[in-house]
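Q: Hi! Could you walk me through this one before I set anything up?

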Amino acid sequence: MANSVKIYIDDQMYEVPAGTNLVDAAKFIGNDIPVFCYHPKMKPVGMCRMCLVEMGNIVKDRSTGEVTLDESGNPQIRWFPKLQTACTTVATDGLVIRTNTQAVDDARVNVLEFLLTSHPLDCPICDKGGECPLQNLTMRHGPGTSRMVFEDKMRLDKQVALGDLIFLDEERCIQCARCIRFQDEIVGDPVLAFHERARALQIIAVGDPPFDSNFSGNTTDVCPVGALTTTDFRFGARPWELTPVPTICPHCPVGCNVTANTRLDRDFEGRAMIKRMMPRQNEQVNEIWMCDKGRFGHHFSRSSERLMQPVVGGSTSAWDDALNAAADLLRNAGGDVAAIAGSMMTNEDLWTLRQMLNGLGSQRLGAWSPTHAGADLVAQVGVGAGTNLTTLGADDAVLIIASDLEEEAPIWRLNVKQAHDRGAYVVVANARDTRMDAFASTTLRYGTGQAAAALQNLRADNAEVAQALADATNLIIIAGAEGLTLDGSRALMQSAANFLIETGHVGKPQNGLLATFPGANGMGLFYMGFTPETTLDITQNPPKVLILAQADVRYDDPAAAEWLSRVETVISLSLFPDEATQSAAVALPIQSFAERDGTYTNGARRVQRFYTAQGPLGEALPAWQVISRIGERLEQGRAKASAAAVMLEITQSIPAFAGMRYNELGKVEPQFPEIGGDDLYYGGTAYNNTGGLGVQAPTSADEGSVPAVGAVELPKAQKAKKGDLVVVPTTKLYNHERTFEPSIHEMMGRRVAESYVQLNAADAQKLNIQDGDLVQVTVGSAAVRARARVNGAAPEGTALLPRHLADTASPLTIGVGQISKISELVVEG
């Protein structure tokens, strides 16, 4: 083993990598040293003292370097006079520890006895009961009786709201600081802190609003006791009642591996119901973390507002009648048929839809929403096979351009922040400030809508930055589409691909292109033949029959009402009875990700499988099954029997998916750190991966076919006339999209801002608008009411308008518009 050292644990010699944390080294060989404060993803602090061991070093002759032997011929060991913390020690040659002596056992008993002096005996009602490290270690190492005087017990608050999602039980807290350190070290949001000292020491939330972090739920996973609980799961069920089901988060391109904990529940008519979402370990995707939207944004899967039955001509219908009606409409269209599919549709759904349209003689397959171009470039020069963002560090570089990464792909933001901490050169380029700026080595500003030009001219305008990126051992470019039209997005993606090709950063791990495509299956849309360019063609040249497949076009696009009015017939496959569905000739209810099996392809092209977790809602069916049954009525062959059968056909037809049968996608392998075993004190309550790590589709560059540098067509800059502003739609993680709205009503309301628009102070003064005024933003057919925020965030001449915060559709892409103040009626008395 290269760069290895020999250490001795309980009189046995082991060879381990030099510098390995001693707790981790012991873990490798099956010796679990108990811990509370130590976590393998965070820096050791040695606070809890639970990991105390006897420690020494083999004595070597200083002149010869030879091992000194004792009278019995054994190596002489120089022991430390006192026990040492294993978590703050790294493996060095000749290190000797003992973990099973009486002194070590006594120390563990003493540590637990002190921790339990004021710890409440409420295990029977504690949400952590059954998966509690303190409970488990007390049973294994703790004292059988207490010597403490009950009257001396500290009585503290049992329900302290650290924020709107996390509660603290002060009596249960053992001051390990894991939650504080997670927020500081991993997230970079130091919103938790210690207050007071000694026995009065407590966790507090700092900032306004308190515990303002998109990753707060992870603190409950790393907490080794029941001190931190979530609003979503608090007193909702007991861990041993839950069935863990592997699934994939459906909200963004990261594709976080998660576990849906389900239970047969009376609140769901005795069917399996998701009680909580927990992270599932995949070190190449989300490690053991997840954002709060993924954790708490699952309520749409069982919302009472869902479309429950087929609807034909405005009236509920039986499935057979609805399928026949849809088939008749498609058959009579004479091939003048198109489809627009959203990014929550699975690979299986999309393939079946493609096959049905091809069978009707149509190739018009649109991807929704038509904001991000360049998926074909990701398929050519995307991040190389085996890429793991968690290994980026010194000598590596990351360029983030035209993206507010925390809002668009939160876990990627964590990955890049930690890469920066390890020494990576991180460049954030945008027309405005974003959260990622705090973790950048350097920031670049360009004119509104000029991202592609900025990257195209990087060597001329920012030669030092360009050279540092080009010289990096590994380089990843993460491109968004903020402030860009679809043509502008295409130009940016081509410029990014060109830079990577020219500098040799393609076709190998830790190098290549990523894009913040909206939703979970943006790359899946591309591989199955759906493109945003086709969507624009459909909107400009509407077909006779249009299939809308989980695409909420009316809420996303203010122009949708106009172009839909030119479509003769709409067939909708939808989760909710949205506006387009309500006016459709046939509306067919489909199942959410939680109710069926399927696969998504994440932004790094990893195809990942998810499993049926929750009982079906109403009469909804998987979209692939609905489409397949329509195809059967169109005499296109028998309906497919299962999602697995559809995936088998995909693997035989789409080269990038070759070999990706369900059994391959479901394979797992050992990962470090080991998570989810009996030693929950080590890594927390995140789940180990039993559902599959997925398979990454190879790029053209991976297979040795590096494309030539492509031509870049820079779009014309948006220019506003006097009195107008360039309006840039932006993305907010928490918003009023239909797949998140039910979670707002359940618990997330305070995380969703009132509709607002950010203005530059100079522009606000010209328009006579004050901070807090109610205004109307008008861009083409879009008219959005919002509160003005005059806070310096917007460049002069630009208004920043977050999408999906208002009741009406915001502009899809950048445009020129007007902002006017609206008088508010004040009612007295």
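A: Happy to; here is a short chat about the fold and its cores.

A: This is a predicted model, where local features need pLDDT of at least 70, side-chain atom pairs count only at pLDDT 80 or more, and totals for chains, interfaces and linings use all residues. Residues are numbered from 1 along each chain as its sequence is written, and side-chain values use heavy atoms, with hydrogens and water left out.

Q: Cool. How many helices and strands?
A: The chain has 26 helices and 35 strands, counted as DSSP runs (H or I, at least four residues; E, at least two) numbered from the N terminus.

Q: What's the radius of gyration?
A: The chain has 29 Å, which agrees with the value near 28 Å for a compact globule of 829 residues. That is taken over C-alpha atoms, and the globule rule is 2.2 Å times the number of residues to the power 0.38.

Q: What share of residues is buried?
A: Buried residues are 60% of the 829, where buried means under 20% relative accessible area (1.4 Å probe, protein chains only).

Q: Which residues have the most contacts inside the largest nonpolar core?
A: Leu330, Leu353, Ile401, Ile630 and Phe657, in a core of 148 residues. Helix H15 (residues 486-502) gives the largest share, eight residues. Such a core joins buried Ala, Val, Leu, Ile, Met, Phe, Trp, Tyr and Cys through side-chain atoms within 4.5 Å.

Q: And what does Phe657 touch?
A: Beyond neighbours within four places in sequence, its contacts (heavy atoms within 4.5 Å) include Tyr527, Met528 and Ile650.

Notes: Buried < 20%, exposed > 50% of the residue type's maximum accessible area, 1.4 Å probe, protein only.
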